[in-house]
Amino acid sequence: PINQDGSVIQSSGSSFNPKANNDLIYNRVPLSASNLQNINPNSGIWVTGKGSISVDPDLVMLNIAVETTAKTVSKARNQVADAMDNVLVTLHRYSVEDKDIQTQSFNIWPQYEYPEVTIRGTKTRRQTLVGYKVNNTARIKVRDLESVGKIIDDVSTAGGDVAMINGIDFTIENPDSFMDKLREQAVKDAMSKAEQFAVLTG
């Protein structure tokens with residue numbers, strides 16, 4: 001858009017982050033018939049408009065892992081499977097749906113020890129396979145925020161010694177619903193700064 005003082009305002013925006021300020025950047029560039037086709041994007045004065053709001057989280061993301069080590073892959077895998085089954089039963093008891101439970105990773109690592117041995121009179125260390133470690137990690141969406149503490153306690157108990165809570169994140173499931181208000185605030189802030197610069201620079 002062209003202002004009454006013969007200047008143009010160009011804008012660009014960044015993506016929404018509910019935990020950070022969201023900026024729209026405006027470039028105020030003199031506009032005339034002679035330079036309309038040759039505006040230098042590096043000229044002019046750049047100002048930043050910011051908009052921020054505080055909202056209550058409506059979703060909790062839990063990162064839950066079960067991990068164990070055994071002599072064989074099958075034994076370690078079965079122990080992990082049993083522990084994760086117990087975790088899932090507990091989550092279902094709190095009405096967490098299958099669509100809100102997503103496997104993040106499933107890993108198997110060989111485990112080695114390096115005992116000291118003597119070969120032809122020389123001491124050295126030899127790599128020796130002693131077992132396998134299996135890890136299964138899931139990301140869980142919990143919508144009942146009041147039950148989060150109890151869910152964590154019961155999941156930890158259900159998974160036993162092999163269960164771990166790797167992360168708890170409070171977030172917003174649909175941040176797009178707040179974008180209109182943020183953009184409005186950012187535009188007003190940037191326009192105010194741009195108009196002040198126009199006055200100061202004549």
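Modeller: A salt bridge is a side-chain nitrogen of Lys or Arg within 4 Å of a carboxyl oxygen of Asp or Glu. The model discussed here is predicted.

Biologist: Why is the contact of Asp180 with Arg183 called a salt bridge?

Modeller: The closest N and O atoms of Asp180 and Arg183 are 2.8 Å apart. The cut-off is 4 Å, so the pair qualifies as a salt bridge. Both residues belong to helix 3 (residues 179–200), where a spacing of three residues separates them by about one helical turn.

Biologist: What makes residues at such a spacing point the same way?

Modeller: An α-helix has 3.6 residues a turn, so residues three or four places apart point the same way.

Biologist: Is Asp180 buried or exposed, and how do you know?

Modeller: Asp180 has a relative accessible area of 56%. Exposed means over 50%, and therefore Asp180 is exposed. Its partner Arg183, at 38% relative accessibility, counts as partly exposed.

Biologist: What makes Lys150 and Asp154 a salt bridge?

Modeller: Their side chains meet at 3.8 Å, N to O. That value lies within the 4 Å limit, so the pair is counted. Lys150 and Asp154 are four residues apart in helix 2, or about one helical turn.

Biologist: Why is Asp154 called buried?

Modeller: Asp154 has a relative accessible area of 17%. Buried means under 20%, so Asp154 is buried. Lys150, in contrast, is partly exposed at 48%.

Biologist: Which salt bridge joins Asp189 to helix 3 neighbours four residues away?

Modeller: Asp189 pairs with Lys193 at 3.5 Å, N to O, and the two lie about one turn of helix 3 apart. Asp189 is partly exposed at 25% relative accessibility, and Lys193 is partly exposed at 30%.

Biologist: How many salt bridges does a search of the whole structure find?

Modeller: The search finds 10. In addition to the pairs above, Lys99, Asp100, Arg143 and Glu173 are linked in a network of salt bridges.

Biologist: Turning to helix 1, which of its residues are buried?

Modeller: They are Ala76, Val80, Ala83, Met84, Val87, Thr90 and Leu91.

Biologist: How do you know that these residues line one face of helix 1?

Modeller: Seen down the axis of helix 1, the buried residues fall within an arc of 110°, so they line one face. The face turned away from that buried side carries the exposed residues Val89 and Arg93.

Biologist: What covers the buried residues of helix 1?

Modeller: The cover includes strand 4 (59–70), strand 5 (101–113), strand 8 (128–142) and helix 2 (148–159).

Definitions and conventions: Residues are numbered from 1 along each chain as its sequence is written. This is a predicted model: local features need pLDDT of at least 70, side-chain atom pairs count only at pLDDT 80 or more; totals for chains, interfaces and linings use all residues. Side-chain values use heavy atoms; hydrogens and water are left out. Buried means under 20% relative accessible area, exposed over 50%, partly exposed in between (1.4 Å probe, protein chains only). The arc is that of the directions from the helix axis to the C-beta atoms. Contact means heavy atoms within 4.5 Å.
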